[in-house]
Amino acid sequence: NVQLHIVLFSSPPPPVLAQRLLSSNAWTPWEANEFDRNVPRICGVCGDKATGFHFNAMTCEGCKGFFRRSMKRKAMFTCPFNSDCKITKDNRRHCQACRLKRCVDIGMMKEFILTDEEVQRKREMITKRKEEEALKESMKPKLSEEQQRVIDILLEAHRKTYDPTYSDFTQFRVSSSSKRITRSSSVLTHGSSSEDSSDTFNCSLECVENRMFSNMALNEDSDRSPPMDINLSHLSMLPHLADLVSYSIQKVIGFAKMIPGFRDLTAEDQIALLKSSAIEIIMLRSNESFSLEDMAWSCGGNEFKYQIDDVTQAGHNLELLEPLVKFQVSLKKLNLHVEEHVLLMGICILSPDRPGLQDTSLVESLQDRLSEVLQTYILCKHPPPGNRLLYAKMIQKLADLRSLNEEHSKQYRCLSFKPEHSMQLTPLVLEVFGNEIS
Ligand SMILES: [Zn+2]
Ligand SMILES: [Zn+2]
């Protein structure tokens with residue numbers, strides 16, 4: 001090292017060189033870094049194509065080698081002509097004296113030539129840096145093959161059970177009059193004013209409730225309702241949304257059955273998990289169709305675009321719908337990868353604290369496995385800043401779903417208590433959400 005020190009510092013090196021020798025990144029190929037796009041890539045000595053900065057000047061490989069050899073040999077050249085030869089790519093070998101003079105003129109410096117020791121040190125540092133990078137790479141969390149397999153299975157399960165074209169929606173019952181007619185007729189019926197029914201989402205909570213109640217009052221008191229008057233007390237959207245929910249439950253069941261480990265549970269436990277999580281999964285998966293632009297679930301065309309007032313016309317009120325829309329907005333803003341989305345659904349279904357569950361420890365271990373996959377996935381696949389506290393935020397969403405579930409059950413009980421409403425539901429909905437009549 002003493003020797004090296006003498007070599008390095010016996011004469012004060014130019015600042016760039018000093019910096020290069022002293023900084024820990026001394027041996028980065030700074031020539032390449034300084035390969036400024038604005039500098040023409042032409043050798044300043046001979047005009048040949050340059051490969052970068054060499055010994056402080058932009059040169060070709062030939063002139064770089066020539067300069068280094070000349071310096072190492074401490075060669076003294078003499079020009080056979082007038083010491084003013086013009087060096088070109090073709091004649092650069094003819095006069096070494098003028099070529100070397102040209103090298104010095106354009107700024108090439110012998111201080112930039114590495115000694116053998118420096119070359120050795122440079123090699124060692126490159127090796128060391130490569131080793132450090134390899135170590136860093138090996139320390140990075142990685143999805144195991146098994147974990148990747150779980151993700152692939154869930155993605156495939158989702159692909160098979162979620163149709164992003166929503167083409168089956170045409171098979172659902174429609175209201176006895178179409179949605180649009182229903183809306184305009186209800187506006188006509190309660191005849192109140194300037195309020196535009198298509199703007200319902202923008203009006204206040206009271207506004208929607210008032211409208212709902214005024215409609216109900218009007219029709220309960222009046223037996224001369226025109227035949228077109230499908231009002232809120234008749235829950236015009238109930239048949240359609242009941243079919244939509246029933247269809248979704250089937251898809252959720254299909255998805256659940258493909259979650260690794262789910263089918264190892266007893267039939268009773270599978271049913272217990274599905275009954276309690278179905279509505280939560282429906283809310284979760286519906287986020288795919290939810291759009292922040294129009295705050296509605298858009299399932300293809302205007303015909304299958306669902307706004308808050310559509311759901312109120314299926315018997316739910318804002319106690320559920322307001323937090324539900326908030327939930328959709330905040331979930332949407334997490335910008336989950338589809339991998340995270342399917343893992344979250346799996347984790348939600350495999351919750352060990354659901355009522356009626358027998359083998360809670362098995363469910364817990366299955367859920368733990370998915371949680372680990374999710375955490376590892378976020379660590380190695382979700383770039384910042386989106387990954388910040390993402391796992392915690394996702395788990396918070398599961399808590400939000402619990403209270404939405406509770407509110408839904410409450411409202412569903414009220415709804416299904418009336419035979420004229422429960423008869424609109426499907427057997428699957430009645431079985432999964434409960435049948436208050438029977
Ligand atoms: Zn050259
Ligand atoms: Zn010459």
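1. C46 and the first zinc site. In this predicted model, C46 is buried, with a relative accessible area of 6%. The SG atom of C46 is one of the protein donors of the zinc ion (ligand 1); the others are the SG atoms of C43, C60 and C63, and the four lie 2.2 to 2.4 Å from the metal. C46 and C63 come from distant parts of the chain: C46 sits in the loop between α3 (30-33) and β1 (52-54), while C63 belongs to helix α4 (residues 61-73), 17 residues away. C63 is likewise buried, at 0% relative accessibility. Both values fall under the 20% cut-off for burial.

2. Geometry and spacing at ligand 1. The angles subtended by the 4 donor atoms around the zinc ion (ligand 1) run from 101 to 119°, and the arrangement is therefore tetrahedral. The criterion behind that assignment is that all angles lie between 85 and 135 degrees. For reference, the ideal angle for four tetrahedral donors is 109.5 degrees. Along the sequence, the donor residues of this ion follow the spacing C-x2-C-x13-C-x2-C.

3. The second zinc site. The zinc ion (ligand 2) is coordinated by the SG atoms of C79, C85, C95 and C98, at 2.2 to 2.4 Å. Here the 4 donor atoms subtend angles of 105 to 119°, which makes this arrangement tetrahedral. The sequence spacing of the donors is C-x5-C-x9-C-x2-C. Within this set, C85 and C98 link distant parts of the chain: C85 is in the loop between α4 and α5 (96-105), and C98 is in helix α5, 13 residues apart. C85 counts as partly exposed, at 22% relative accessibility, whereas C98 is buried, with a relative accessible area of 5%.

4. The β3-β4-β5 sheet. Three strands form an open sheet in the order β3-β4-β5, with antiparallel pairing. The edge positions are taken by β3 (290-291) and β5 (305-306); each has a single partner strand, so one side of each has no neighbour in the sheet. Between β3 and strand β4 (residues 296-298), the antiparallel pairing rests on 2 bridges. F290 has W297 of β4 as its bridge partner.

5. V325 and its approach to A296. V325 lies in helix α13 (residues 318-333). This residue is buried, with a relative accessible area of 5%. Although 29 residues separate V325 and A296 in sequence, their C-alpha atoms are 8.5 Å apart in space.

6. E340, a buried acid without a salt bridge. E340 is placed in helix α14 (residues 338-349). The residue is buried yet forms no salt bridge, and the nearest side chain of opposite charge, that of K381, is 11 Å away. That separation may be set against the cut-off for a salt bridge, a nitrogen of Lys or Arg within 4 Å of a carboxyl oxygen. The side chain of E340 does, however, make a polar contact of 2.6 Å with the side chain of H382.

7. Salt bridges around R402. The count for the model comes to 15 salt bridges. One of them joins the side chains of E280 and R402, at 3.8 Å from N to O. This pair links distant parts of the chain, with E280 in helix α11 (residues 267-285) and R402 in helix α16 (residues 390-417), 122 residues apart. The two partners differ in exposure: E280 counts as buried at 0% relative accessibility, and R402 is partly exposed, with a relative accessible area of 28%. R402 also forms a salt bridge with D353, the closest N and O atoms being 2.8 Å apart. Since D353 lies in the loop between α14 and α15 (360-381) and R402 in helix α16, this pair ties together parts that are 49 residues apart in sequence.

8. A pair within α16, and the wider network. K410 and E407 form a salt bridge whose closest N and O atoms are 3.4 Å apart. Both residues lie in helix α16, 3 residues apart, about one turn of the helix. K410 is partly exposed, with a relative accessible area of 48%, while E407 counts as buried at 13%. Salt bridges with shared partners also join E280, D353, R354 and R402 into one network.

Note on methods
Residues are numbered from 1 along each chain as its sequence is written. Chains are lettered from A and ligands numbered from 1 in the order in which they are written. This is a predicted model: local features need pLDDT of at least 70, side-chain atom pairs count only at pLDDT 80 or more; totals for chains, interfaces and linings use all residues. Side-chain values use heavy atoms; hydrogens and water are left out. Donors are N, O and S atoms within 2.8 Å of the metal (3.2 Å for Na, K and Ca); water is not among the atoms, so sites may look incomplete. Four donors count as tetrahedral if all angles lie between 85 and 135 degrees; four count as square planar and six as octahedral if opposite donors are over 155 degrees apart and all others between 65 and 115; anything else is irregular. Helices (H or I, at least four residues) and strands (E, at least two) are DSSP runs, numbered from the N terminus. Buried means under 20% relative accessible area, exposed over 50%, partly exposed in between (1.4 Å probe, protein chains only). Two strands pair if DSSP finds at least two bridges between them. Lys and Arg count as positive and Asp and Glu as negative; His and the chain ends are not counted. A polar contact is a pair of N or O atoms within 3.5 Å; within protein, one must be able to donate a hydrogen and the other to accept it, and residues adjacent in sequence count only if both atoms are side-chain atoms.
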